[in-house]
Amino acid sequence: MQVLDLEALTEATKDATDRELDQIDSALKSGEAAPGALVRKGTLHLKRGELDAALETFSRAVALQGGAAALGGRAKAQLGLGVPVAAAKDLAEALNLEPGSAELHFDLGLALQAQGRHTEAVGEF
């Protein structure tokens with residue numbers, strides 16, 4: 001029976017994420033990156049727990065292109081940083097763009113719950 005080496009797997013995942021972030025940064029510097037590159041970069045920062053970097057990156061994406069993905073990502077970073085009022089505002093705006101998104105509704109529920117607005121939160125879950 002083969003045993004999975006979780007430490008090696010974790011390190012390989014970290015290395016792949018580092019390479020992808022480097023590629024995105026290079027593309028952004030050269031002007032070759034599509035607008036979605038900032039959203040992808042923000043998502044990678046979220047996965048690594050780098051909430052301040054994620055917030056900054058998603059904010060740049062919102063300023064450049066807006067969109068539900070950028071707003072939703074920024075809201076996730078805001079929730080992680082303990083700013084649920086701003087997160088709820090971004091999520092409401094994102095839901096205007098993508099009203100059927102279950103992920104956005106769920107995250108809005110979390111933002112409302114963090115504000116103590118439990119009855120409203122239940123409607124979003």
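## Salt bridges

Going by the usual distance rule, a side-chain nitrogen of Lys or Arg within 4 Å of a carboxyl oxygen of Asp or Glu, the count here comes to 7 salt bridges. Keep in mind that this is a predicted model. One of these bridges joins the side chains of Arg40 and Glu20, at 2.7 Å from N to O. Arg40 sits in helix α2 (residues 36–47) and Glu20 in helix α1 (residues 6–30), so the pair ties together parts that are 20 residues apart in sequence. As for cover, Arg40 is partly exposed because its relative accessibility is 31%, and Glu20 falls in the partly exposed class too, at 24%.

Next up is Arg48, which forms a salt bridge with Glu50; the closest N and O atoms are 3.1 Å apart. Arg48 is partly exposed at 33% relative accessibility, and Glu50 is partly exposed at 27%. Both belong to a network of salt bridges that also takes in Asp18.

## A bridge between α4 and α6

Lys76 and Asp107 make another salt bridge, with 2.7 Å between the closest N and O atoms. This one links distant parts of the chain: Lys76 is in helix α4 (residues 68–80) and Asp107 is in helix α6, 31 residues apart.

Which partner is buried and which is partly exposed? Lys76 has a relative accessible area of 29%, so it counts as partly exposed. Asp107 has a relative accessible area of 5%, and with the buried class set at under 20%, Asp107 is buried.

## The overall fold

Stepping back, the protein chain has 7 helices and 0 strands, and reading along the sequence gives the pattern α-α-α-α-α-α-α. Of the 125 residues in the protein chain, 32% are buried.

How much of the contact set is long-range? Take the contacts with a separation of 6 or more: residues 24 or more positions apart account for 33% of them. On the outside, the protein chain exposes about 7,500 Å², and carbon and sulfur atoms supply 56% of that area.

## Helix α6 and its neighbours

Helix α6 covers residues 102–114. With its 13 residues, α6 reaches 18 Å from its first C-alpha to its last, close to the 18 Å expected at 1.5 Å a residue. After α6 comes Gly116, and its phi is positive, near 85°.

Which residues of α6 are buried? They are Leu104, Asp107, Leu108, Gly109, Ala111 and Leu112. So the list includes Asp107, the salt-bridge partner of Lys76. The buried residues of α6 pack against α4, α5 (84–97) and α7 (118–124).

## A nonpolar patch on the surface

Helix α6 also has a residue that faces outward in part. Phe106 is found in this helix, and at 42% relative accessibility it counts as partly exposed. Together with Leu110 and Phe125, Phe106 forms a nonpolar patch on the surface, and the accessible area of the three adds up to about 280 Å². Residues need over 30% relative accessible area to join a patch, and the 42% of Phe106 is why it can qualify on that count.

## Thr57 in helix α3

Thr57 lies in helix α3 (residues 51–64). Is Thr57 buried or exposed? Its relative accessible area is 5%, so Thr57 is buried.

What does the side chain of Thr57 reach? It comes to 2.8 Å from the backbone oxygen of Ala53. Leaving out residues up to four places away in sequence, Thr57 touches Leu38, Lys41, Gly42 and His45.

## Asn96 in helix α5

Asn96 is found in helix α5. At 66% relative accessibility, Asn96 counts as exposed, because the exposed class begins over 50%. The C-alpha atoms of Asn96 and Ala68 are separated by 8.4 Å, although these residues are 28 residues apart along the chain.

Conventions: Residues are numbered from 1 along each chain as its sequence is written. This is a predicted model: local features need pLDDT of at least 70, side-chain atom pairs count only at pLDDT 80 or more; totals for chains, interfaces and linings use all residues. Side-chain values use heavy atoms; hydrogens and water are left out. Patches are made of residues with over 30% relative accessible area and no salt bridge: like charges are joined within 9 Å, nonpolar side chains (Val, Leu, Ile, Met, Phe, Trp, Tyr) within 5 Å. Accessible areas come from the Shrake-Rupley method with a 1.4 Å probe; for residues, only the protein chains shown count as cover. Helices (H or I, at least four residues) and strands (E, at least two) are DSSP runs, numbered from the N terminus. Buried means under 20% relative accessible area, exposed over 50%, partly exposed in between (1.4 Å probe, protein chains only). The expected span of a helix is 1.5 Å times one less than its number of residues. Contact means heavy atoms within 4.5 Å. A polar contact is a pair of N or O atoms within 3.5 Å; within protein, one must be able to donate a hydrogen and the other to accept it, and residues adjacent in sequence count only if both atoms are side-chain atoms.
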